[in-house]
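Here are a few exercises to work through with the model open beside you. Try each task yourself before reading the solution.

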Amino acid sequence: MANDKRPRPPTLTLDPSDRLVSSADGPAAAPPPPRQPAAPRRARKSGGGGGQGRGPKRSWLKRLVLWGVTAAIWVGVGVAGLVAWYAMDLPDIDGMTTTTRRPAVVFQSTNGETFATFGDVYGRPLELAEMAPTIAQAVIATEDRRFYRHFGLDVWGLARATVTNIRAGRVVQGGSTITQQLAKNLFLTPDRTLKRKVQELLMALWLERRFTKEQILTIYLNRVYLGSGTFGVDAAAKRYFDVSASRLDLYQSAVLAGLLKAPSRYSPLNDPEASHKRTLDVLSNMVEAGFIDRRDADLAALTGAARAVKRPVPAGRYFADWVMSHLSEMGDVQGRDIVVHTTLDLGLQRKAEADLKAMLDGPGAKAAATQGAVVVMAPDGAVRALVGGRDYDDSQFNRATQAQRQPGSSFKPFVYLAAMEQGLTPSDTFDDAPIKLGNWKPGNYNGKFEGPVTLRRAFAQSTNTVAVRLIEEVGPGRVVNLAHKLGIVSELGREASLALGTSETNLLELTTAYSAFANGGYGVQAFGVEAVTDPDGKVLWSRQGEGFGKVISDQALLHMQEMMSAVLSEGTGKGARLDRPAAGKTGTTQDYRDAWFMGFTADYVAGVWLGNDDQRHEMKKVTGGGLPATLWKSVMTAAHRGLPARPLAVPEPIPSAAASTEGTAGEWPNATSGSGPIRAIGNAIDDLLNSIFGR
């Protein structure tokens, strides 16, 4: 058997589980399976339990990390590209010390008091050590408490502000540092864009790298805007408290620091109550930051508000606007800081403003007069007070210089002056009787006619028919030329109705023209500036010239002053009588739309207008001899307080022999006593020459 070469059948290996056993047999021990070579493990497609699931999780983790790193790289590249793109458009850093602003224009009254400013006002640049320490403390405590611990961007402060804003549901706290604010103020625009924020951060990092913290804070405090046209703490300290920033107390420092959030809203000039509440917040911030204790804060809150802000009563803003519009005529003063030394009497200006408002709030309100204007000037044309309306804050429209209105009978002096220049006298008589010119039938205010009246009486009583007869005989052209010589620059109609003031003019022009009656007959131009200097006092421009020379003959001036004085003593202007020699004329337009009183003394010339901006609204029978005369008297009484009474400025009386050569009423055409053909021919020739060459 041993040598049997026949192949053996293959050996079968049975799985023990396939082995049949009887029910009587117990569980048989399975023989150990034969060892097989180890096969490589295969990952399952779906997860399972136990240790077999660790492989797929690790694979996904590796992929997630790989994707995250890749995304981070691309985000970094994108951010770097965005930063590089915005950095290419950064402003010139080297020009950070160059001041770009509107030139400051400061207006001072005759006594040197500043009453208005235009443009941007900068104070004296101060070192941090020169400023009151409380101002820096107040700013840091309120704007950037971690200023000395961050690198230009306060990450923790930004996170805190974000959480606070989310909780509040609105933006209640900002995260910008002082360095970022300086970067924005010096180089950038206030636009809320991604580009501006990125550039702001870049500039802040650059500032932190180039300057020390003290230098950054110094530049910031000297350049930050603090409202009312002021830049820097020194300018603001002088504007609000009339002190240097080196002398600010605790409360004042807190006021200025509070302005940084909203200069207009928290301005102590605009809203003292809101300013005080904001200041209390700043004081609390200083306590929390450890700069002061609660006792100091409470003491400042109690005592500081009462003396913090020196708020001058706003005055002269209409005047300042008028002067500002003429600065271009004053030489090379544009584009630079200047101080304008004006002719304004600030005390008189405040009095005129207060009197006008009281008139319009009281009797004017009952009479449906809602607006008014007042001009007071010296006889040489220097404007001492100019009020263009009841409230500048409500309306900046200047009714003294911009409102063109009919002057009514206040224009009659020019008609009578033309007649006096032709030889008439106040004692000459004319008929106060009905007159018809075409379809026009002018009548008198009282509806009555007196018959023959002297020119003195006709003027004092403002008789319309006589004025129309005078302009018909003198010629409208001569009256227009004479009015222009005296200072009326508005276009005037050359028709008979001009005698009743139907052509429009403004209050400043009319007051200027009346000055010739007060100064001895010399034409003047209204002016409001004596000189212009730079802030150091160097004169850049000074007023030259004395007016236009003699425009009224001595004899005619004497006659006009006699008649204009009669208006106050016995005529329609009795309500304007003063405790000294004065003269003037009333004016009332059709349907009581305008009411005027114009007058003068040896020291002042003044004009008053009352009415409504909408000329469709009539006043309730307000005439020039009523409310305007009352207001004129109040303002002129204040203007003359402390001045001795003086006679009107008139030339020496002309001898009677010379006066007789000027003509009499009997020589005047249509006068009741006869006519003068020689004078009529002379008038015709004069009119012809005026029409050809002008006057």
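**Exercise 1. The open sheet**

In which order do the five strands of the open sheet line up, and what is the pairing? Keep in mind as you look that this is a predicted model.

Solution. Start with the order: going across the open sheet, you meet S2-S1-S5-S11-S12, and the pairing is mixed. Next, find the edges. Strand S2 (114-118) and strand S12 (539-542) sit there, each pairing on one side only. Then look along the sheet for its twist, which averages 20° from one strand to the next.

**Exercise 2. Two pairings within that sheet**

Work out how S1 pairs with S2, then do the same for S5 and S11.

Solution. Take S1 and S2 to begin with: four bridges hold them in the antiparallel sense. To fix the register, find Phe 107, which stands opposite Ala 116 in S2. Now follow the chain between the two strands: they make a hairpin with five residues in between, and Gly 112 in the turn has a positive phi of about 85°.

Move on to strand S5 (residues 338-342) and strand S11 (residues 529-533). These also run antiparallel, joined by four bridges. Here the register can be read from Val 339, which stands opposite Thr 533 in S11.

**Exercise 3. A helix on the strands**

Which strands does helix H11 lie across?

Solution. Pick out H11 at residues 317-324, then list what lies against it: strand S1 (105-108), S2, S5 and S11. For the direction, compare H11 with S2; the angle is about 50°.

**Exercise 4. H7 against H8**

Describe how helix H7 (residues 233-241) packs on helix H8 (residues 250-259).

Solution. Geometry comes before chemistry here. The axes are 11 Å apart and the packing angle is about 115°. H7 and H8 are therefore roughly perpendicular to each other, and their crossing is right-handed.

Now for the residues. H7 brings Val 233, Ala 236, Ala 237, Tyr 240 and Phe 241, and these meet Gln 252, Val 255, Leu 256 and Leu 259 in H8. Sort the H7 contact with H8 by class and you get eight nonpolar residues, one polar and no charged.

**Exercise 5. H14 against H17**

Repeat the analysis for helix H14 (residues 412-421) and helix H17 (residues 476-486).

Solution. The two axes come within 9 Å and cross at roughly 110°, so H14 and H17 are roughly perpendicular to each other. From H14, the contact takes in Phe 414, Val 415, Leu 417 and Ala 418; from H17, it takes in Arg 478, Val 479, Leu 482, Ala 483 and Leu 486. By class, the contact of H14 with H17 comes out at eight nonpolar, no polar and one charged.

**Exercise 6. How covered is H6?**

How many residues of helix H6 (residues 213-223) are buried?

Solution. Go through the helix residue by residue: nine of its eleven are buried, which makes H6 mostly covered. Among the buried ones are Lys 213, Ile 216, Tyr 220, Asn 222 and Arg 223.

**Exercise 7. Asp 594 and its surroundings**

Is Asp 594 buried or exposed?

Solution. First place the residue: Asp 594 is in strand S15 (residues 594-600). Its relative accessibility is 2%, so Asp 594 counts as buried. Then check what surrounds it. Leaving aside neighbours within four places in sequence, the contacts of Asp 594 include Arg 405, Gln 406, Trp 609, Leu 610 and Met 619. Finally, take Gln 406: it is 188 residues from Asp 594 along the chain, yet their C-alpha atoms are separated by 7.2 Å.

Terms used
Residues are numbered from 1 along each chain as its sequence is written. This is a predicted model: local features need pLDDT of at least 70, side-chain atom pairs count only at pLDDT 80 or more; totals for chains, interfaces and linings use all residues. Side-chain values use heavy atoms; hydrogens and water are left out. Two strands pair if DSSP finds at least two bridges between them. Axes are lines fitted to C-alpha atoms, for helices over the stretch in contact, and angles run from 0 to 180 degrees between N-to-C directions. Contact means heavy atoms within 4.5 Å. Angles under 35 degrees count as roughly parallel, over 145 as roughly antiparallel, 65 to 115 as roughly perpendicular and the rest as oblique. A crossing is left-handed if the near helix is turned anticlockwise from the far one by less than a right angle, and right-handed if clockwise. Ala, Val, Leu, Ile, Met, Phe, Trp, Tyr, Cys and Pro count as nonpolar, Asp, Glu, Lys and Arg as charged, and the others, Gly among them, as polar. Buried means under 20% relative accessible area, exposed over 50%, partly exposed in between (1.4 Å probe, protein chains only).
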